[in-house]
Amino acid sequence: IGGYFFMENLEVTNQFEDGSSFVPKILLQDYEQETRSFSFFGEFSWGIMEKLTFEGDVRYSHEFKNLNNYSTAIPPVGTLNIGYNVGEADGLFNGLSGMASLTYDFNEEMSAYLKYTRGWKPGHFNGGAVYSRTLIEPVRPEKLNSYEVGTHLTFFDELLKVQAAVFFYDYEDMQIFALEQDAGSFPLPQLINAKGAEIYGAELGIRLEPIDGLRIRYDVAFLETKYNEFSNTITKFLRNPFTGETLLSEVELDYTGNRLIGSPPWSMSGAVEYTFPVFTPGGRHLGDLTPRFSFSWKDYVFFDPGEGRGQRENLPAGTTMQESYGLVNLSLSWVSPDQVWEVTLWGRNLNNQYYKVQSFDLTQGFYLVLDSYGAPRTFGLTVGAYF
């Protein structure tokens with residue numbers, strides 16, 4: 001059993017220059033956030049039978065947050081300051097989380113388990129509202145019910161180990177990262193809530209050591225995901241085709257049924273390494289060498305709830321997504337005889353794969369899509385000392 005207390009006071013000052021208009025403006029933002037959080041938790045295990053074990057834990061969390069935000073623009077001399085996002089709000093969040101599992105050991109080589117997990121994540125204030133007129137209100141707490149069944153198997157005196165599991169996640173008020181773009185404001189990185197989402201899938205892991213020093217690893221996973229209920233209201237500039245007048249309109253986008261952000265249907269990884277000692281002709285031990293080959297492969301992923309069409313769903317299909325890709329890595333490590341020094345020469349992404357790790361829809365106001373790519377083919381040397 002135990003307890004936890006957390007206290008934090010943030011005082012933030014930001015300054016930006018807005019050059020989007022003919023006369024530039026200086027944007028100033030000051031906000032303060034106070035956080036007070038405590039929790040109580042406990043865990044226990046019980047050997048119900050000789051081969052059947054129950055394990056459980058429970059945690060109660062209570063968190064209070066207060067956000068006081070003031071952002072304004074310093075306009076040209078002779079005009080009045082304009083308050084853009086001004087307000088104060090409180091958030092009080094409390095919830096239960098925990099885990100319960102049953103494990104049955106059939107023998108020393110085989111066991112199976114059944115596990116339920118209750119996850120809870122507190123609410124959150126988005127403190128980046130500078131030029132936005134969006135009301136300050138907290139994101140709702142995220143809740144998760146997780147169900148998992150799995151097994152652990154060993155064969156041939158632990159030369160081969162196999163782990164397998166199937167699982168189902170049921171989310172309520174899932175917190176989603178979004179780059180909001182209200183018309184007439186800067187992009188606002190923030191969290192928003194998806195009312196419901198679910199994930200089910202399976203994982204398989206294999207560990208093989210056929211001879212002493214040779215280790216082989218392979219992992220594969222399958223995921224099926226969707227938003228059960230998720231809509232978001234955005235503002236758009238609409239042009240009247242008859243008068244040419246620009247109008248501001250609110251549009252509700254419905255992502256229900258879409259695939260979750262960053263959830264590839266299939267993914268896999270593996271590695272092969274062999275450790276062997278090195279001796280001089282006279283028999284002196286010079287240390288151990290380990291050449292290692294590894295790879296990873298990931299199926300397509302979306303970077304927004306619009307399934308690759310942008311968060312505003314106004315882009316061609318596949319714009320904000322990454323197609324399936326694989327990476328290949330090699331390394332060679334030397335460890336000193338006393339196990340203190342380690343030197344590793346490594347090369348990553350040897351196939352020089354170009355792949356996105358994130359993609360942002362900035363078409364509102366900036367008329368562009370910002371892609372962030374992973375590192376290209378890279379070589380390096382790492383030296384470590386262990387005491």
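Select Glu32 to begin: in this predicted model, Glu32 is partly exposed, with a relative accessible area of 45%. The residue belongs to strand β2. Extend the selection to Glu11, Asp30, Glu34, Glu88 and Asp90, which together with Glu32 form a negative surface patch. Colouring by strand shows how the patch is assembled: β2 (25–47) and β4 (82–107) each contribute at least two of its residues. The greatest share comes from β2, which supplies three residues. Glu32 is eligible for such a patch because its 45% relative accessible area lies over the 30% required of patch residues.

**Salt bridges**

The whole structure contains ten salt bridges, and several of them merit individual inspection. Select Lys65 and Glu63, whose side chains meet in a salt bridge with an N to O distance of 3.5 Å. Both partners are buried: Lys65 and Glu63.

Proceed to Glu229 and Lys195, a salt bridge in which the closest N and O atoms are 3.8 Å apart. This pair links distant parts of the chain, as Glu229 belongs to strand β9 (residues 214–229) and Lys195 to strand β8 (residues 188–208), with their positions 34 residues apart in sequence. Glu229 has a relative accessibility of 43% and therefore counts as partly exposed.

Next, display Arg292 with Glu273; their side chains form a salt bridge at 2.9 Å, N to O. Arg292 is part of strand β14 (residues 285–298) and Glu273 is part of strand β12 (residues 266–274), so this salt bridge ties together parts that are 19 residues apart in sequence. How accessible is Arg292, buried or partly exposed? Arg292 has a relative accessible area of 29%, and is therefore partly exposed. Glu273, by contrast, counts as buried because its relative accessibility is 19%, with the limit for burial set at under 20%.

To complete this part of the tour, select Arg140, Lys143 and Asp173, three residues linked in a network of salt bridges.

**Contacts of individual residues**

Select His124, located in the loop between β5 (110–121) and β6. Its relative accessibility of 29% places His124 in the partly exposed class. Which residues does His124 contact beyond its neighbours within four places in sequence? They are Lys65, Phe93, Pro138, Val139 and Leu191. Lys65 thus appears a second time on this tour, as the salt-bridge partner of Glu63 and as a contact of His124. For Leu191, draw the C-alpha to C-alpha distance to His124: it is 7.8 Å, although the two residues are 67 residues apart in sequence.

Move to Thr154, in strand β6 (residues 142–155). With a relative accessible area of 17%, Thr154 is buried. Residues up to four places away in sequence being set aside, Thr154 touches Glu108, Glu109, Leu160 and Lys161.

The last stop is Glu342, in strand β18 (residues 341–348). At 22% relative accessibility, Glu342 counts as partly exposed; the limit below which a residue is buried is 20%. Show the residues that Glu342 touches, again without those up to four places away in sequence: Ser333, Trp334 and Val335 are among them, and the list also includes Thr382, Val383, Gly384 and Tyr386. Finally, select Leu289 together with Glu342: their C-alpha atoms are 9.8 Å apart in space, while in sequence the two are 53 residues apart.

Conventions. Residues numbered from 1 in each chain as written. Predicted model: local features only at pLDDT ≥ 70, side-chain atom pairs only at ≥ 80, totals over all residues. Heavy atoms only, no water. Salt bridge = Lys/Arg side-chain N within 4 Å of Asp/Glu carboxyl O. Buried < 20%, exposed > 50% of the residue type's maximum accessible area, 1.4 Å probe, protein only. Helix = DSSP H or I, 4+ residues; strand = E, 2+ residues; numbered from the N terminus. Patch = residues over 30% accessible without salt bridge, like charges linked within 9 Å, V, L, I, M, F, W, Y side chains within 5 Å. Areas by Shrake-Rupley, 256 points an atom, 1.4 Å probe, with all protein chains shown as cover. Lys, Arg positive; Asp, Glu negative; His and termini not counted. Charge placed at Lys NZ, Arg CZ, Asp CG, Glu CD. Contact = heavy atoms within 4.5 Å.
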